[in-house]
Amino acid sequence: MALAKRIIPCLDVENGRVVKGVNFVDIRDAGDPVEIAIRYNQQGADEITFLDITASHEGRETTVHTVEQIAENVFIPLTVGGGIRTLEDIRTMLNAGADKVSINTAAIHNPELVRDAAERFGSQCIVVAIDAKRVEDVDGKPRYEIFTHGGRKPTGIDAVAWARKMAELGAGEILLTSMDRDGTKNGFELGVTRAITDAVEIPVIASGGVGNLDHLVEGITLGGADAVLAASIFHFGEYTVPEAKAYMAEHGIEVRL
Amino acid sequence: MSGVVAVIDYGMGNLHSVASALEHVGAEKVLVTHDAEQILRADRVVFPGVGAMRDCMKEIRRLACDKLLADALVAQHKPVLAICVGMQALVTHSEENNGVDCLNLIPGEVRYFGNPLTDSAGNRLKVPHMGWNRVRQVRSHPLWQGIEDGARFYFVHSYYVDVADRELVVGALDYGVTADAALARDNLFATQFHPEKSHTAGLQLLKNFLGWNGQC
């Protein structure tokens with residue numbers, strides 16, 4: 001198969017700075033998002049994901065400006081997520097230079113937003129982010145549920161059924177984050193990754209828990225993901241994108257070198 | 001000398017990335033516009049496109065961009081680069097949105113990748129075709145200069161182009177089917193992939209376009 005598996009560095013951005021914390025607490029400053037995005041572009045990253053975790057309204061304007069600056073300097077696809085609630089929010093980010101927009105909580109409150117957005121802007125730019133957490137097994141089989149508020153609030157929605165529904169409504173891609181693993185460096189939650197990649201026809205990005213290069217390999221070979229997303233292993237210089245790609249290639253995964 | 005590059009804007013999505021990529025590789029001036037005068041005066045034209053075909057064709061016709069494109073292409077014989085849905089819009093008809101008539105500048109069809117789609121070994125392939133795939137340079141062309149045969153470009157589409165005249169195909173893509181990744185005819189070059197999002201290989205192609213005199 002000739003389509004390369006993608007490596008996507010993720011920038012979690014708060015008030016104009018890249019941050020990364022273990023399970024969303026104990027946030028560490030990792031630097032300027034524009035500089036970091038340019039660095040990953042030069043290193044041969046396949047895409048960049050920008051997740052805005054800023055709470056305040058003023059902060060959002062900073063975000064639009066930052067997205068504009070990244071888009072002017074980076075010639076690979078850019079996905080922007082965090083706080084996207086309306087068609088207007090999507091338009092603002094696309095106009096700022098995002099190629100794709102990631103919708104998370106708003107899809108849970110209003111699934112029709114995904115359909116409307118796909119019809120208006122095309123499925124190719126609508127990513128649905130799913131934050132899943134393992135809950136009590138049913139008949140001895142693991143079950144995964146969608147959580148909001150950084151993994152604190154359960155919704156009762158089954159993650160696999162939700163992924164299927166989002167694909168039917170017109171999502172072009174799923175960004176799946178395991179809230180049990182996010183920030184832990186223990187590797188992807190492969191059970192939910194495999195369940196969702198098998199359930200939908202659209203590409204799935206695995207996210208949450210990458211601590212070493214074997215985890216990236218497992219996300220593809222065992223999880224069946226089309227792309228792997230990681231943050232801290234790249235931000236803090238443990239690995240570079242070319243190192244990650246070389247390692248994946250050694251393990252028989254097609255990557256863009 | 002690149003001169004002025006007009007990026008035809010028919011209101012379907014963000015064209016800044018095309019413009020900033022062209023500027024990055026040395027375009028003297030880039031105008032994102034559907035103004036007839038500006039397009040008429042430009043030295044070269046980019047015809048981009050994102051989104052669903054029905055809406056694209058509706059806006060292309062409403063803003064008379066079909067006529068502007070035909071003038072640039074045929075009457076003025078300027079170098080023209082069509083990208084993604086811009087390439088799909090050039091052919092006769094698309095299967096998208098239950099069937100849409102396109103510009104018919106090149107006889108051909110836009111077809112759905114099919115569901116389920118599998119490779120020759122029977123492995124399931126995801127649709128949309130999203131990501132970096134190899135482009136086989138089945139014919140030489142000035143716009144391939146400095147780009148390795150089989151280099152990867154960024155694609156994102158669920159429908160693919162299949163032109164009638166196979167002589168026009170300069171780049172091919174294998175993804176369950178063999179699809180047209182790049183077409184060339186006289187002063188026209190068209191890509192299914194997004195050169196503006198394809199990093200080094202894509203920027204090289206845009207640079208080649210800026211230096212191209214429109215001859216094959």
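So, polar contacts between the two chains: in this predicted model, 16 residue pairs are in polar contact between chain A and chain B, counting pairs with both residues at pLDDT 80 or more. Which parts of chain A are on that side? The elements giving two or more residues to the side that touches chain B are α1 (33-43), α2 (57-73), α3 (87-96), α5 (112-121) and α7 (190-199) of chain A. And if you sort that side of chain A by class, you get 17 nonpolar, 9 polar and 13 charged residues.

Okay, salt bridges. There are 4 of them between chain A and chain B. Here's one to look at on the screen: A:Asp226 pairs with B:Lys126, and their closest N and O atoms are 3.1 Å apart.

Now the contact overall. Chain A puts in 39 residues and chain B puts in 31 residues. Together the chains bury about 2,800 Å², and 54% of that comes from carbon and sulfur atoms. Who gives the most on the chain A side? That's A:Leu3, A:Phe75 and A:Glu201, which supply 29% of the area chain A buries against chain B, more than any other three residues.

Last bit: the holes. Searching the whole structure turns up 2 cavities of 30 Å³ or more. The largest cavity has a volume of about 80 Å³. What lines it? There are 11 lining residues, and those nearest the centre of the largest cavity are A:Leu3, A:Ala4, A:Arg6, A:Asp226 and B:Met130. You've met two of those names already: A:Leu3 from the buried area, and A:Asp226 from the salt bridge. By class, that lining has 7 nonpolar, no polar and 4 charged residues.

Terms used
Residues are numbered from 1 along each chain as its sequence is written. Chains are lettered from A and ligands numbered from 1 in the order in which they are written. This is a predicted model: local features need pLDDT of at least 70, side-chain atom pairs count only at pLDDT 80 or more; totals for chains, interfaces and linings use all residues. Side-chain values use heavy atoms; hydrogens and water are left out. Contact means heavy atoms within 4.5 Å. Buried area is the accessible area (1.4 Å probe) that two parts lose on being put together, summed over both. A salt bridge is a side-chain nitrogen of Lys or Arg within 4 Å of a carboxyl oxygen of Asp or Glu. A polar contact is a pair of N or O atoms within 3.5 Å; within protein, one must be able to donate a hydrogen and the other to accept it, and residues adjacent in sequence count only if both atoms are side-chain atoms. Helices (H or I, at least four residues) and strands (E, at least two) are DSSP runs, numbered from the N terminus. Ala, Val, Leu, Ile, Met, Phe, Trp, Tyr, Cys and Pro count as nonpolar, Asp, Glu, Lys and Arg as charged, and the others, Gly among them, as polar. On a 1 Å grid over the protein atoms alone, a cavity is a set of points where a 1.4 Å probe fits but cannot get out, and a pocket is an open set with protein on both sides within 12 Å along at least five of seven lines; lining residues have an atom within 4 Å of a point. Grid points are joined across faces, edges and corners, and a volume is the space filled by probe spheres set on the points.
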